[in-house]
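Visitor: I am new to this structure, and I would like to be taken through it slowly, one question at a time.

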Amino acid sequence: MSALNLDDFAQLIERPDGDARRAAEERRARTSVPPGALGRLDDLGGWLAAVQQQVPVRPVEQPKVLLFAGDHGIAQLGVSARPAGGTKDLVRAVLDGASPVAVLARSAGVPVRVVDMAVDCDPEELPAEVTRHRVRRGSGRIDVEDALTAEEAEAAFRAGMALADEEADAGTDLVVLGDLSVGGTTAAGTLIAALCGTDASVVTGRGGRPIDDLAWMRKCAAIRDALRRARPVLGDQLELLGTIGGADLTAATGFLLQSAVRRTPVILDGVVSAACALVAQRVAFRAPDWWVAGQASGEPAQAKALDRIALNPLLDHGVTAGEGTGALLALPLVRAAAALAAELPVRD
């Protein structure tokens, strides 16, 4: 389908440093705090030592929230509580500092970067630094047509890779990954159902802004119809993303894989980032070692994807706002784990 060879990622991505993790565990055993007393913070400390290749670990000093934005044609069927083509308003709320993720990021001193991959508006309506990676205006209606052409899918994937390189080169030491989309959970549910070999009803949730029963049935039918189009291309992950994913999901998948190549750890947010992580795992089985799941969003598809990837969410507070909000709430836990792993006194 494309000159881009995803098989290369399986060789390029290495596991985090196992020796560093063991050294961190041995260091932790020589502290005065009893084993198990810190719960998952100990696991996080070991993970940070492995991804940083350093004991004691460094503080997480330059995190960044990265939000991939795009509209999905499937939203025309009334599968979302938000109006089709409404992603521009979500983007504007983040840029204006009025969304939950913007408020939390501001209070935590974490910069937010929004990347428009397929927002359904004129590019001039958003800042140039937001739109410079856009591949099209809205993704196709996946129940009856491909989300992207082959060329658009490759362009979106390469854009995600380029963003991973930009962040790594800029010194970003951890990324909080989220999305801004209308219809994105329908595309994500379809990807997860296709890769897990399950029925549409098993993965159909009610979205961040809950939909009623009639909308849920429309969403379930849309996923069922999109699944029929997905099954013939399951062997090619880039073609799968182009068929039923969309530009924002394709870019996020490329970002996750290249971030693993560049040894940049990532906190996943909700069902959309979980779907991209599941696709990325199919490409390179070692890639999930570079990620943690920030929160359980309550979406059944997210739970299924994280179970398949073997990631256990750090938080379960019932946060359904999306947009990276739940993952950002997990950032203080990761920072706390780094501080404890580095600063607890060690006995001789």
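Visitor: Which element gives the most to the lining of the largest pocket?

Guide: This is a predicted model, and its largest pocket has a volume of about 480 Å³. The elements that give two or more residues to the lining of this pocket are β3, α8 (184-196) and α13 (271-283). With 4 residues, the element that gives the most is β3.

Visitor: Which residues lining the largest pocket are the closest to its centre?

Guide: The lining of the largest pocket is made up, by class, of 10 nonpolar, 14 polar and 8 charged residues. Of the 32 residues that line the largest pocket, those closest to its centre are Thr185, Gly207, Gly208, Arg209 and Thr320.

Visitor: In what order do the strands of the open sheet stand?

Guide: The sheet is an open one of 5 strands, and the pairing in it is parallel. Because β2 (112-118) and β5 (291-293) have a single partner strand each, they stand at the edges, and one side of each is left without a neighbour in the sheet. Neighbouring strands are turned against each other by 25° on average, direction ignored. Read across the sheet, the order is β2-β1-β3-β4-β5.

Visitor: Which residue of β5 is the bridge partner of Leu268?

Guide: Strand β4, which covers residues 266-268, pairs with β5 in the parallel sense, and the pairing runs over 3 bridges. For Leu268, the bridge partner in β5 is Ala293.

Visitor: What angle does the direction of helix α4 make with that of β3?

Guide: Helix α4, residues 87-95, packs on the sheet, where it touches β1 (63-71), β2 and β3 (174-182). The direction of α4 makes with that of β3 an angle of about 140°.

Visitor: Which element supplies the largest share of the lining of the second largest pocket?

Guide: The second largest pocket has a volume of about 400 Å³, and the residues closest to its centre, of the 21 that line it, are Arg21, Trp47, Asp289, Trp291 and Leu311. At least two residues of this lining come from each of α2 (18-29), α3 (40-52) and β5, the last of which is also an edge strand of the sheet. The largest share, 5 residues, comes from α3.

Visitor: How many nonpolar residues does the lining of the second largest pocket have?

Guide: Sorted by class, the lining of the second largest pocket has 2 polar and 6 charged residues. The number of nonpolar residues in that lining is 13.

Technical notes. Residues numbered from 1 in each chain as written. Predicted model: local features only at pLDDT ≥ 70, side-chain atom pairs only at ≥ 80, totals over all residues. Heavy atoms only, no water. Pairing = 2+ DSSP bridges. Axes fitted to C-alpha atoms, helices over the stretch in contact; angles between N-to-C directions. Contact = heavy atoms within 4.5 Å. 1 Å grid on protein atoms, 1.4 Å probe; cavity = no way out; pocket = protein on both sides within 12 Å on 5 of 7 lines; lining within 4 Å. Points joined across faces, edges and corners; volume = space filled by probe spheres on them. Nonpolar A, V, L, I, M, F, W, Y, C, P; charged D, E, K, R; others polar.
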